[in-house]
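Open the model in your viewer and keep the selection tool at hand. This tour goes from strand to strand, then to the helix, then to the ligand.

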Amino acid sequence: MALLEVSHLQTSFFTDAGEVKAVNDISFTLDRGKVLGIVGESGSGKSVTAYSIMQILAGTGKIIGGSVKLDGQELVGADEKVMKTVRGNKI
Ligand SMILES: Nc1ncnc2c1ncn2[C@@H]1O[C@H](COP(=O)(O)OP(=O)(O)OP(=O)(O)O)[C@@H](O)[C@H]1O
Ligand SMILES: [Mg+2]
């Protein structure tokens with residue numbers, strides 16, 4: 001099992017100007033002990049992908065689909081108490 005499994009992750013910002021689809025269906029896995037680089041043009045969603053994994057999105061940002069599993073544990077929809085044990089410790 002991969003250490004980190006991101007599947008079909010989708011994140012949007014809901015702004016006064018409408019929905020900004022910042023991350024639109026990204027999937028990747030990261031194995032324990034490996035390093036993964038994500039490349040793409042400016043504005044393609046690299047930073048928001050990372051913020052989504054950590055769940056440190058701005059107030060207007062929301063994960064609207066997909067899954068983030070850390071060591072088999074689903075983080076999308078996990079409560080903040082769980083995220084506090086993950087953020088800064090495991091990730
Ligand atoms: N707080 C926000 N509100 C609305 N839209 C946002 C917000 N943060 C990011 N975005 C939008 O989400 C999209 C993805 O941005 P992101 O910062 O993830 O790009 P990036 O790939 O990290 O770019 P760069 O290479 O310049 O760092 C962009 O269209 C950006 O304008
Ligand atoms: Mg960035």
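Helices (H or I, at least four residues) and strands (E, at least two) are DSSP runs, numbered from the N terminus. The model is predicted: local features need pLDDT of at least 70, side-chain atom pairs count only at pLDDT 80 or more, and totals for chains, interfaces and linings use all residues. Residues are numbered from 1 along each chain as its sequence is written, chains are lettered from A and ligands numbered from 1 in the order in which they are written, and side-chain values use heavy atoms, with hydrogens and water left out.

**Stop 1: the sheet**

Select the four strands. They form an open sheet in the order S2-S1-S3-S4, with antiparallel pairing. S2 and S4 (73-74) stand at the edges with a single partner strand each, so one side of each has no neighbour in the sheet. Two strands count as paired if DSSP finds at least two bridges between them.

**Stop 2: S1 with S2**

Now select residues 4-15, strand S1, and residues 18-30, strand S2. How many bridges join S1 to S2? Ten, and the two strands run antiparallel. They form a hairpin with two residues between them. Click Thr15: its bridge partner in S2 is Gly18. Then click Ser12, whose bridge partner in S2 is Lys21.

**Stop 3: S1 with S3**

Add residues 61-70, strand S3. Eight bridges join S3 to S1, again antiparallel. Phe13 has Gly61 as its bridge partner in S3. Elsewhere on this pairing, Glu5 stands opposite Lys69 of S3.

**Stop 4: S3 with S4**

Two bridges join S3 to S4, which run antiparallel. Select Leu70 and Gln73: Gln73 in S4 is the bridge partner of Leu70. This is a hairpin too, with two residues between the strands. Stop at Asp71 in the turn, which has a positive phi of about 55 degrees.

**Stop 5: the helix**

Select residues 46-54, helix H1. H1 lies across S1, S2 and S3 and runs at about 105 degrees to S1. Axes are lines fitted to C-alpha atoms, for helices over the stretch in contact (heavy atoms within 4.5 Å), and angles run from 0 to 180 degrees between N-to-C directions.

**Stop 6: ligand 1**

Show the residues around ligand 1 (those with a heavy atom within 4 Å of it). Among them are Phe13, Thr15, Val20, Ala22, Glu41 and Gly43. By class, the shell has four nonpolar, six polar and two charged residues. H1 gives the largest share, three residues.

Which atoms lie 2.6 Å apart at Ser42? A polar side-chain atom of Ser42 and an oxygen atom of ligand 1. Next, Lys46: an N or O atom in its side chain is 2.7 Å from a ligand 1 oxygen atom. At Val48, a backbone N or O atom lies 2.9 Å from an oxygen atom of ligand 1. Taken alone, ligand 1 exposes 640 Å², of which the protein buries 60%. Accessible areas come from the Shrake-Rupley method with a 1.4 Å probe.

Terms used
Polar contact = N/O pair within 3.5 Å; in protein donor to acceptor, adjacent residues only side chain to side chain. Nonpolar A, V, L, I, M, F, W, Y, C, P; charged D, E, K, R; others polar.
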